[in-house]
Amino acid sequence: GADIITSCQMMPGHVSLDSAHVWLQGAGSSWDIYQAVLSALGNFGIAKGHCSAAVKAILQGGAYTRFSEVGNASKFLAGIKHRHPQLSWNILQNQLNIYNVNEHEAPEMILLNKDSGMLGLPSKAQDRNYKVRALLNPDLVPGTRVRIESSVLPLKTDMKIIKSTFVGDSLEGDWYTEVEGTLLGVTPGFKLEV
C-alpha cells in the first residue's frame, strides 16, 4: 500500500503584513504605533492578543517626534522591536501578541521527561538553542513554556518553544513532535523573518 506521511512545521510570525498599511502623523510613543498597527490589522481579521501591563508600560514610556509616515505593519513592528529590544511579537490564531523577553505565550507549562513522553535526550541545537523530541503532542507549539527534566543535560531554567515540527508516518509508525527552543530570558540563536 501507499506510504502516507504527514509532516508540518509551525513558527510564529509567519503572517504576511505587507498589505496592512499604517499611517502615522505627529508625535507619539511606541504604544501609539502599536495601536495604529492594530487598527490596520483589524481590516485583515487580526485582533489584539497578549500585551501585559508591563509591556504596555514599556510601550507607553518615552515619546518621540514623528512626522507623517506611511508603511506596512511589519515595518512599524520592526521599529518597535528596534526601540525596545527586550520585546518580541508574533501572530498566532489571528491575534497580535507582544511579549517581554521573560514572558512565555502559553498560560500553562508542559513538563517533558522520560515519563511524560520525551523521546531520547535533549540536545544543543544552534547557539543558545536546544532541541528535544517527544511523542506527538499538539500542545507543543511556538510560545509554549516547557520544563525539560534530564539528568544528562540539565537545563538551568524552563525553555520557550520557537519552532515545532510534527511528524506522522502511518507505515513506519513514527509519530512525534520535535521542538526547538531557547531558555527563558535568552534571545534565540536565530531570527525569524516576517
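**An aromatic pair, a three-stranded sheet and a buried asparagine**

Trp31 and Tyr34 sit three residues apart in helix α1 (residues 30-42), so about one helical turn separates them. The model is a predicted one, and a search through the whole of it turns up one aromatic pair. That pair is Trp31 with Tyr34, and its geometry is tilted: the ring centres are 5.1 Å apart and the planes make an angle of 45 degrees. Both partners are tucked away, Trp31 being buried and Tyr34 likewise.

The helix that carries this pair also meets a sheet. Helix α1 lies across β4, β7 and β8, and runs at about 155 degrees to β8. Those three strands make up an open sheet, ordered β4-β8-β7, with mixed pairing. The edges are taken by β4 (47-48) and β7 (87-92); each has a single partner strand, so one side of each goes without a neighbour in the sheet. As for how such strands hold on to each other, strands of a sheet pair through backbone hydrogen bonds, in either a parallel or an antiparallel fashion. Here, β7 and β8 run antiparallel and are joined by six bridges. Leu87 takes part in this pairing, with Asn100 as its bridge partner in β8.

Strand β8 (residues 95-100) is also home to Asn97. This residue has a relative accessible area of 5%, which means that Asn97 counts as buried, the cut-off being under 20%. Its side chain still finds polar company. A polar atom of the Asn97 side chain lies 2.8 Å from the backbone nitrogen of His50, and the side chain also gets to the backbone oxygen of Gln95, at 3.3 Å. His50 turns up again when contacts are listed: setting aside neighbours within four places in sequence, Asn97 touches Gly49, His50, Ser88, Trp89, Asn90 and Leu92. Of these, Ser88, Trp89, Asn90 and Leu92 fall within the span of β7 (87-92).

Rings also come up in another setting, this time with charged side chains. Arg133 is placed over the face of Tyr176, 3.9 Å from the ring centre. Lys75 does something similar with Phe76, lying over the ring face at 5.6 Å from its centre.

Definitions and conventions. Residues are numbered from 1 along each chain as its sequence is written. This is a predicted model: local features need pLDDT of at least 70, side-chain atom pairs count only at pLDDT 80 or more; totals for chains, interfaces and linings use all residues. Side-chain values use heavy atoms; hydrogens and water are left out. Helices (H or I, at least four residues) and strands (E, at least two) are DSSP runs, numbered from the N terminus. Buried means under 20% relative accessible area, exposed over 50%, partly exposed in between (1.4 Å probe, protein chains only). A polar contact is a pair of N or O atoms within 3.5 Å; within protein, one must be able to donate a hydrogen and the other to accept it, and residues adjacent in sequence count only if both atoms are side-chain atoms. Contact means heavy atoms within 4.5 Å. Rings of Phe, Tyr and Trp (its six-membered ring) pair if their centres lie within 6.5 Å; planes under 30 degrees apart count as stacked, over 60 as edge-to-face and the rest as tilted. A charge sits over a ring if NZ of Lys or CZ of Arg is within 6 Å of the ring centre and within 35 degrees of the ring normal. Two strands pair if DSSP finds at least two bridges between them. Axes are lines fitted to C-alpha atoms, for helices over the stretch in contact, and angles run from 0 to 180 degrees between N-to-C directions.
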